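Reader: I am new to this structure and would like to go through a few of its local features one at a time. Could you show me the sequence and the structure before we begin?

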Amino acid sequence: MTITIRSANDATIAIDFNGKFTPGMLNSVRSVPGRKYNHQEKIWLIPDTQKASDTLMENLYKTGEFNYTQIESENSSVIQNNASGNSLELQKLKEILITRHYSSRTIENYLFWSKKFLHSHKIAESSVQKQINSFLTNLAVNEHVSASTQNQALAALLFFFRFVRGEEVENLKNLIHAKNKKRAPVVLTKKEISSVITHLQGSRRLAAELLYGTGMRLNELLSLRILDIDFDRAEITIRYGKGGKDRRVMLPKSLVPKLKKHIEEVKKIHEKDLADGWGKVLLPPTIMNRSPDCAKEFRWQWLFPQKNRWKNDKTGEEGRHHIDESILQKAVKKAVCDAGIIKNASCHTFRHSFATHLLENGYDIRTVQELLGHSDVRTTMIYTHVLNQGAKEVQSPLDEILKNNPTAP
């Protein structure tokens with residue numbers, strides 16, 4: 001399957017599927033901002049910008065249906081491939097990251113930044129340090145990325161040069177390290193939490209209740225499998241959390257009946273998949289290699305499976321992944337808006353609120369640190385700053401003036 005990418009005019013790039021495409025390929029183009037479909041020529045058009053090109057290439061690569069060497073470009077200035085050499089280096093990078101047991105998300109991010117760098121720089125044109133600084137400067141000045149994103153890109157490039165190219169960056173102190181700004185986390189009151197949850201329905205409501213009730217990260221919640229829920233011990237096991245660590249959190253007693261009912265619904269979905277001849281789920285490689293039959297067992301199914309099965313057009317195989325994080329993110333954003341809350345709240349706000357409310361209830365910071373899965377207690381300390389803010393601890397001087405002189409204008 002081949003995609004042709006060519007220059008349509010001075011402002012747009014044309015993407016031609018040559019009459020054959022999959023839902024994944026179609027969504028790869030649809031998610032590019034500013035895309036349009038030309039019904040007469042039956043091609044997609046995207047803005048002729050580096051950002052739009054990078055977004056398209058990243059999306060296409062994530063489909064897993066082909067690599068960059070299978071994408072034809074009539075104009076090398078449209079999307080710079082450096083196909084064979086770059087592809088081999090990126091494959092080597094991926095293998096090294098897997099060998100070192102980096103998380104799938106870290107692997108995905110490191111590959112993305114390395115590809116982006118290789119598409120925009122000729123390695124031999126100047127020193128490594130100058131190239132990296134030029135790349136980081138462009139990210140900050142033209143693409144307006146955050147400090148954490150810029151530092152993530154730097155970490156990815158340093159890894160690439162050290163372990164793939166076997167080069168050490170000459171002088172690390174001269175590289176551009178972005179300074180992260182310390183911001184107090186957004187925290188909702190218990191009343192606001194209740195209001196947001198009330199505006200959610202079905203599995204989305206249950207997911208939000210689990211986020212707030214346990215302090216899990218969104219990706220940790222979506223990665224839960226049926227076997228991770230232990231009703232007898234009233235706890236949830238979070239596997240492969242941040243840093244590849246496992247931990248256990250409490251199972252809110254109020255959610256037990258709702259969770260049991262939800263799991264019964266998931267079981268019906270799984271039984272239907274089995275009856276249709278499918279029912280396999282993606283497993284960690286170590287388990288898949290040792291016990292491949294586990295992929296069809298109910299206990300290994302996702303706690304929040306996606307609505308529709310995915311299909312591999314090459315093999316005809318079908319399966320079911322967990323729901324995409326964007327589905328819950330959009331639902332929570334809408335619920336926050338419907339509840340009339342003006343705070344910039346998101347799914348992660350449930351985690352911030354969980355930690356803050358535990359500290360307000362008198363739990364010690366070490367307990368909260370363990371529940372959140374923080375390696376360093378200093379990370380957890382940010383919530384103590386939240387507790388000390390506002391009228392709770394500090395009296396406004398205006399209140400003192402009006403109290404002593406009620407008639408003051």
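Reader: Is alanine 234 buried, partly exposed or exposed?
Author: In this predicted model, alanine 234 lies in the loop between E6 and E7. Its relative accessibility is 32%, and since partly exposed covers the range between under 20% for buried and over 50% for exposed, alanine 234 counts as partly exposed.

Reader: What is the phi value of alanine 234?
Author: Alanine 234 is a residue other than glycine, and its phi is nevertheless a positive value. The angle of alanine 234 is near 55 degrees.

Reader: Which strands form the open sheet, and in what order?
Author: The sheet is open and has three strands, with antiparallel pairing. Strand E6 (229–230) and E8 are the edge strands, as each pairs on one side only. E6 and E7 pair over two bridges, while strand E7 (residues 235–238) and E8 pair over four bridges. The order of the strands is E6-E7-E8.

Reader: Which residue is the bridge partner of isoleucine 229 in E7, and which residue of E8 stands opposite that partner?
Author: For isoleucine 229, the bridge partner in E7 is isoleucine 236. On the E8 side, the residue opposite isoleucine 236 is valine 249.

Reader: Which residues of strand E8 make up its covered face, and which its uncovered one?
Author: Strand E8 spans residues 247–250 and has two faces, one covered and one uncovered. Arg247 and Val249 belong to the covered face, and Val249 is also the residue that stands opposite isoleucine 236. The uncovered face consists of Arg248 and Met250.

Reader: Where is histidine 144, and is it buried or exposed?
Author: Histidine 144 is placed in the loop between helix H5 (128–141) and helix H6 (147–164). Although histidine 144 is not a glycine, it has a positive phi of about 55 degrees. Because its relative accessibility is 63% and the cut-off is over 50%, histidine 144 counts as exposed.

Reader: Which residues is tyrosine 37 in contact with, leaving aside its neighbours within four places in sequence?
Author: Tyrosine 37 lies in strand E3 (residues 36–38) and, at 34% relative accessibility, counts as partly exposed. With neighbours within four places in sequence left aside, tyrosine 37 is in contact with Lys42, Ile43 and Trp44.

Reader: What distance separates the C-alpha atoms of tyrosine 37 and isoleucine 15?
Author: Tyrosine 37 and isoleucine 15 are 22 residues apart along the chain. The separation of their C-alpha atoms is 9.6 Å.

Notes
Residues are numbered from 1 along each chain as its sequence is written. This is a predicted model: local features need pLDDT of at least 70, side-chain atom pairs count only at pLDDT 80 or more; totals for chains, interfaces and linings use all residues. Side-chain values use heavy atoms; hydrogens and water are left out. Buried means under 20% relative accessible area, exposed over 50%, partly exposed in between (1.4 Å probe, protein chains only). Two strands pair if DSSP finds at least two bridges between them. Contact means heavy atoms within 4.5 Å.
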